[in-house]
Amino acid sequence: MTVSRQTFDQVMIPCYVPQNMVLERGEGCYLYDTEGKRYVDLSAGIAVNCLGHNHPEVVKTISAQAQRLIHVSNIFVNDKTLTLAQELTSLTGFDKVFFTNSGAEANEAALKLARRVAYDNFGAEKDEIISFSHSFHGRTLFSVSVGGQAKYSTGFGPTPSGITHLPFNDCAALERTISDKTCAVILEPIQGEGGILPVDPEFLVQVRALCDKFHALLIFDEVQTGVGRTGSFYAFEQFKDLNGGKGVRPDILSSAKGLAAGIPIGAILTTDEIAAHFKPGTHGSTFGGNPLACAVGSVVLHTVSAPDFLTHVSAMGQLIRDQLTALNDKYHCFKELRGKGLLIGAELSEPFHDQSGKLQQLCTEHGLLVLVAGPNVLRLTPPLIITASVVTEAMTLLDQALQAFTAQ
Ligand SMILES: *Cc1c(COP(=O)(O)O)cnc(C)c1O
């Protein structure tokens, strides 16, 4: 049977409107469709393919591990899962890991754990979860209800209760709302899906202080900001000078997306004290932390955590920002450039509002794959291995797409 883009409309549940081609293979920062057309990929599977497509060491690791062991479930342990757990804890200073298959499941685990800690220590009344507008935490019913974009949870009620949404970076609103009933505050260091909106450092310091005061756990959703994306392995490492040099650390950190370079994986990291509230039988996952995903996770961790690699991420991020600034001088299409490292958002200026989808489509037609974050923001999350010459090639294609976009 042959397939085409129309096959999607025929046999796939229409949760997406994919671009008008069928992808077939990839190499480094390039993807190729079934017609042989080449694309420069600045989407990286939504911040997932951190080592690009078909990275030789990833391919080698997957084939070697497939020949050894793919899956055994969590009622047994295996060498690869334990190794990645050890590496993640020693890299981050957390004590314990729980592995999942996705970001939503990692947040589900983080939120359940926070509720359980409060329940064990203070009783069932302490159940309130505070999250922020424009946040995104995944698509399970709990994580989507905690997320701060009503459009994603509308029509799926009754949604879980005990969730309060506040404006992001609003100290006064948090101070008014947080109480002894609050069990957790969850936030993204840079809101990704919501539009590449960074947390305000002063707000972050206050969130930490208020969480401590009211015995609420602070959860960082680093599903998109993690694994080198912002120039450090996790974004929270860049908060180490805040709070008079004490830094701001979360109690629970969730990770996924790039953690196994495209093989599904997620994880939460936390302290011994908090982890002790998940006892045998309280939570679980059949596939979570399988040896195949964890073997690749170790390759990613070694590669991405190297100081030179992270410096490269920051340098490429700066190069893209510089070239976007130059393009903006030409087309005046962006109101603001945001983000850090290779998590980049360009908010469209007023005359181009609601047209990020149109720009994305024009980019695709010109051989450039980009993301959007809502109707007004162009989002770039390239492979972390991108080079200066690929950046220049991509920006030449973006130049052509913007020319068509602004001429319309
Ligand atoms: C992508 C994302 C999620 C959801 O991850 P899935 O793997 O799609 O479940 C959660 N939080 C953030 C910040 C994300 O970017």
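Helices (H or I, at least four residues) and strands (E, at least two) are DSSP runs, numbered from the N terminus. This is a predicted model, so local features need pLDDT of at least 70 and side-chain atom pairs count only at pLDDT 80 or more, while totals for chains, interfaces and linings use all residues. Residues are numbered from 1 along each chain as its sequence is written, and side-chain values use heavy atoms, with hydrogens and water left out.

**Exercise 1.** Find which helix gives the most to the shell around the ligand.

*Solution.* Start with the residues that surround the ligand (a heavy atom within 4 Å); among them are Ser 102, Gly 103, Ala 104, Asn 107 and Phe 136. Next, sort the shell by type: it holds three nonpolar, six polar (Gly counts here) and three charged residues. Finally, look at the helices: helix 5, residues 103–122, leads with three residues.

**Exercise 2.** Work out which atoms of Ala 104, Asp 221 and Lys 257 pair with the ligand.

*Solution.* Look for polar contacts (N or O pairs within 3.5 Å). A polar backbone atom of Ala 104 sits 2.7 Å from a ligand oxygen. With Asp 221, a polar side-chain atom is 2.7 Å from a ligand nitrogen. For Lys 257, a polar side-chain atom is 2.6 Å from a ligand oxygen. Then check the cover: the ligand alone exposes 380 Å², and the protein buries 82% of that (Shrake-Rupley, 1.4 Å probe).

**Exercise 3.** Decide whether Cys 211 is buried or exposed.

*Solution.* Buried means under 20% relative accessible area, exposed over 50% (1.4 Å probe, protein chains only). Cys 211 has 0%, so Cys 211 is buried.

Conventions: Polar contact = N/O pair within 3.5 Å; in protein donor to acceptor, adjacent residues only side chain to side chain.
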